[in-house]
Amino acid sequence: MTETHTATLHDIVSCISGYDPNAMTVARAQAVIQEFITPIEAVEKLAIRSALSRVLARDIISRIDVPAHDNSAMDGYALRGEDVAAGQQVRLQIVGAVHAGEQFAGSVGPGQCVRIMTGAPMPEGCDTVIPQELTTDADAQGVTLPAGRVRPGDNRRLRGEDLALGSVALPRGRVLRPSDIGLLASLGIAEVPVQRRLRVAFFSTGDELRSVGEPLDAGCVYDSNRYTLHGMLTRLGCEVLDMGVVPDDPAALEAAFRSACEEADAVITSGGVSVGAADYTKQIMASLGEMTFWKIAMRPGRPLAFGRIRSRGREAYLFGLPGNPVAVQVSFSFFVRDALLRLAGAEARPLPRLRVKTATAIRKKAGRTEYQRGILAPDENGQWQVRLTGMQGSGILRSMSDANCIIELEHERSDVAAGEEVAVVLFDGLV
Ligand code: AMP
Ligand code: MG
């Protein structure tokens, strides 16, 4: 990236009263990240099917009315509202039929009606439809409408009621879902401008890490963070650049940071930013740009490095996540996700929180936000409630896999008793 930025990270944090990098609340860290990030601006045109999950780059204005005509919401008979205004039983003469895709050519006078199918345009002069199942004694000539079953205007869809010509059908920044793609198709739009995909580079740091396919030497662990990051970034719609495992070695780390920065819009690393970790990871990060090293009042995921690095005229945002696999996923979910959406030009999409009862008591320290892995399921009475997965240590990767939600325990809260309400964020939703 080569854009020019105005506010420095230093400018932004210096506006925070009592700024202390060692005591950042989750909300404050999120706000700094959001403020520091400038969205990319690079647009490409795509066929609507290929635009799924992409970020819309411009407002889409409807060039037609949808529906294009007043039309019937039911199979039945179209009639003039004044014929049923009195609420009495009436017998109407049938003067024709109209199907979806046709236009009724004749005229409909008082006391007359037209057989009509769902979606068919309303005949001239008709403004009301009585559903077929409410009528009696239909024959070739006429049909009887019982008293009081239909009022003028019933069962008619109005022209433009879905989308009026000239209105904003979809706003820029929308991350396109299947229903949005369908909406675009309903407007007859074949191609849309979208933001180019973000390029996100990531690597793991640590001499103890081995990649899948390598033998596991004594004292070593398999690198899992790169695999979960790969999955999370892919789901977010990013183009991913997996740079492998980088050893705890200053020259190797500097080379990795530089090439990631030259290739990508954002760089994500895991490991090496916690207290006690080899100090030079942080030193190298800081030497390449403007960085902050925070201790966040949260668990898991206390250390977080954030900023922007430069190399050979290129810039990239950098997120240095802790090494623990659960901390990586939680930090990604509550900091990196929103940051990348903002960088991609997406509209803000706060993660929905549900409030449900917890079946288990949960230990909690006031003064930090805690994220626990939960299983949301119905109890024996069909009431949805959440319980903890087993062990909650931040290295227990299985707990993340067993969970279907994250329980978010707010900063001020202390111990939670069974039966109290807690906020949960779901992992998955509708397609
Ligand atoms: P660190 O933040 O580098 O001190 O790492 C904290 C813990 O997370 C250590 O137990 C590391 O072995 C573990 N860890 C670091 N990176 C990874 C990774 N990529 N995959 C799995 N475990 C990791
Ligand atoms: Mg490490």
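Which hand does the crossing of α5 and α6 have? The crossing of α5 and α6 is right-handed. This is a predicted model. The briefing below covers the ligand site, three helix pairs and some backbone features. Around ligand 1 there are 14 residues, and the protein covers 75% of the 480 Å² of accessible area that ligand 1 has on its own.

**Ligand 1: the shell**

- The shell around ligand 1 counts 14 residues.
- Of these, E208, D223, S224, G272 and G323 come nearest to the ligand.
- By class, 9 residues of the shell are polar, 3 are nonpolar and 2 are charged.

**Ligand 1: polar atoms**

- S224 offers a polar backbone atom, which lies 3.0 Å from a nitrogen atom of ligand 1.
- N225 takes part through its side chain: an N or O atom there is 3.2 Å from a nitrogen atom of ligand 1.
- G323 has a polar backbone atom 3.1 Å from an oxygen atom of the ligand.
- On its own, ligand 1 has 480 Å² of accessible area, and the protein covers 75% of that.

**Helix pairs**

- Two packed helices are described by the angle between their axes and the distance between the axes.
- Helix α2 spans residues 26–36 and helix α7 spans residues 325–343. Their axes are 10 Å apart, and the packing angle is about 25 degrees.
- Angles under 35 degrees count as roughly parallel, and α2 and α7 are therefore roughly parallel to each other. Their crossing is right-handed.
- Helix α4 covers residues 225–235, and its axis comes within 11 Å of the axis of α7. The two cross at roughly 30 degrees.
- By the cut-off of 35 degrees, α4 and α7 are therefore also roughly parallel to each other. The crossing of α4 and α7 is right-handed.
- Helix α5 (residues 250–263) packs against helix α6 (residues 280–287) at an angle of about 40 degrees. The axes of α5 and α6 are 10 Å apart.
- The pair α5 and α6 is therefore oblique. As stated at the start, the crossing of α5 and α6 is right-handed.

**Cis peptide bonds**

- The peptide bond from V66 to P67 is cis, and its omega is near -5 degrees.
- P67 sits in the loop between β2 (60–61) and β3 (71–72).
- A cis peptide bond also runs from R299 to P300, with omega near -5 degrees.
- The place of P300 is the loop between β18 (298–299) and β19 (303–311).

**Positive phi**

- D137 is a residue other than glycine with a positive phi, near 55 degrees.
- The loop between β7 (128–131) and β8 (142–145) holds D137.

Technical notes: Residues are numbered from 1 along each chain as its sequence is written. Chains are lettered from A and ligands numbered from 1 in the order in which they are written. This is a predicted model: local features need pLDDT of at least 70, side-chain atom pairs count only at pLDDT 80 or more; totals for chains, interfaces and linings use all residues. Side-chain values use heavy atoms; hydrogens and water are left out. A residue is near a molecule or strand if one of its heavy atoms lies within 4 Å of it. A polar contact is a pair of N or O atoms within 3.5 Å; within protein, one must be able to donate a hydrogen and the other to accept it, and residues adjacent in sequence count only if both atoms are side-chain atoms. Accessible areas come from the Shrake-Rupley method with a 1.4 Å probe; for residues, only the protein chains shown count as cover. Ala, Val, Leu, Ile, Met, Phe, Trp, Tyr, Cys and Pro count as nonpolar, Asp, Glu, Lys and Arg as charged, and the others, Gly among them, as polar. Axes are lines fitted to C-alpha atoms, for helices over the stretch in contact, and angles run from 0 to 180 degrees between N-to-C directions. Helices (H or I, at least four residues) and strands (E, at least two) are DSSP runs, numbered from the N terminus. Angles under 35 degrees count as roughly parallel, over 145 as roughly antiparallel, 65 to 115 as roughly perpendicular and the rest as oblique. A crossing is left-handed if the near helix is turned anticlockwise from the far one by less than a right angle, and right-handed if clockwise.
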